[in-house]
Amino acid sequence: MATSKRTIINSIAVLRILTLASCAAALALIVTNNFKLDGDKTKFSDIKGFRYVLAAAAGGVLYSLIQLPFALYHAVKEKRLIKGDFLPMFEFYGDKVFFCELLSSYI
């Protein structure tokens with residue numbers, strides 16, 4: 001039982017790092033992307049939808065940076081940094097909000 005719990009805790013930390021990396025890559029791609037639309041050079045800031053996706057990716061980076069130290073501490077020490085129900089509830093509801101934000105930006 002302890003091995004599977006350890007595996008789950010480690011996979012959560014790895015997935016947090018993967019989320020941070022993918023959101024940072026999305027930020028870089030959106031900011032550096034230029035294209036021609038009707039003969040005019042267009043940047044990401046010219047289209048409102050791109051600005052929303054940029055804001056969603058920036059929110060994802062910020063949320064991942066907040067969550068990453070707690071996940072790494074949990075993976076290394078195998079105990080929560082903050083005792084009680086605050087951190088699990090923050091992770092649960094924060095993940096729901098972050099998921100809905102990312103989902104709405106790509107629809």
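**Notes on the helix packing**

1. Let's start with valine 61: setting aside neighbours within four places in sequence, its contacts are Leu20, Cys23, Ala24 and Leu27. Bear in mind throughout that this is a predicted model.

2. Val61 also turns up in the largest nonpolar core, together with Leu20, Cys23, Ala56, Tyr63, Leu68, Phe98 and Leu102, which makes eight residues. Helix 1 (2-32), helix 2 (48-77) and helix 3 (86-106) each put in at least two of them. Helix 2 has the largest share of this core, with four residues. Two of the contacts listed for Val61, Leu20 and Cys23, are core members as well.

3. Now a polar residue: where does glutamine 67 sit, and is it buried or exposed? Its place is in helix 2. Glutamine 67 has a relative accessible area of 0%, so it counts as buried, the limit being under 20%. Once neighbours within four places in sequence are left aside, Gln67 is in contact with Arg16, Phe90 and Glu91.

4. On to the rings. How many aromatic pairs does the structure hold? There are four. One of them joins phenylalanine 92 and tyrosine 93, with 5.0 Å centre to centre and 80 degrees between the planes. That pair is edge-to-face because the angle is over 60 degrees. As for exposure, phenylalanine 92 comes out at 43% relative accessibility and tyrosine 93 at 48%. Both are partly exposed, because these values lie between the 20% and 50% limits.

5. There is also an aromatic cluster, made up of Tyr63, Phe86, Phe90 and Phe98. Two members, Tyr63 and Phe98, belong to the largest nonpolar core too. The other two, Phe86 and Phe90, are part of a nonpolar patch on the surface. Phe90 is also one of the contacts of Gln67, the buried residue from point 3.

6. That patch deserves its own point. Which residues form it? They are Leu62, Ile66, Phe86 and Phe90, and together they have about 390 Å² of accessible area. Helix 2 and helix 3 are the elements that give two or more residues to this patch; both of these helices supply residues to the largest nonpolar core as well.

7. Last, a closer look at phenylalanine 86, which is found in helix 3. Why is it classed as exposed? Its relative accessibility is 55%, and exposed means over 50%, so Phe86 falls in that class. To recap, Phe86 is a member of the surface patch and of the aromatic cluster with Tyr63, Phe90 and Phe98.

Definitions and conventions
Residues numbered from 1 in each chain as written. Predicted model: local features only at pLDDT ≥ 70, side-chain atom pairs only at ≥ 80, totals over all residues. Heavy atoms only, no water. Core = buried A, V, L, I, M, F, W, Y, C linked by side-chain atoms within 4.5 Å. Buried < 20%, exposed > 50% of the residue type's maximum accessible area, 1.4 Å probe, protein only. Contact = heavy atoms within 4.5 Å. Phe/Tyr/Trp six-rings, centres within 6.5 Å; stacked < 30°, edge-to-face > 60°. Patch = residues over 30% accessible without salt bridge, like charges linked within 9 Å, V, L, I, M, F, W, Y side chains within 5 Å. Areas by Shrake-Rupley, 256 points an atom, 1.4 Å probe, with all protein chains shown as cover. Salt bridge = Lys/Arg side-chain N within 4 Å of Asp/Glu carboxyl O.
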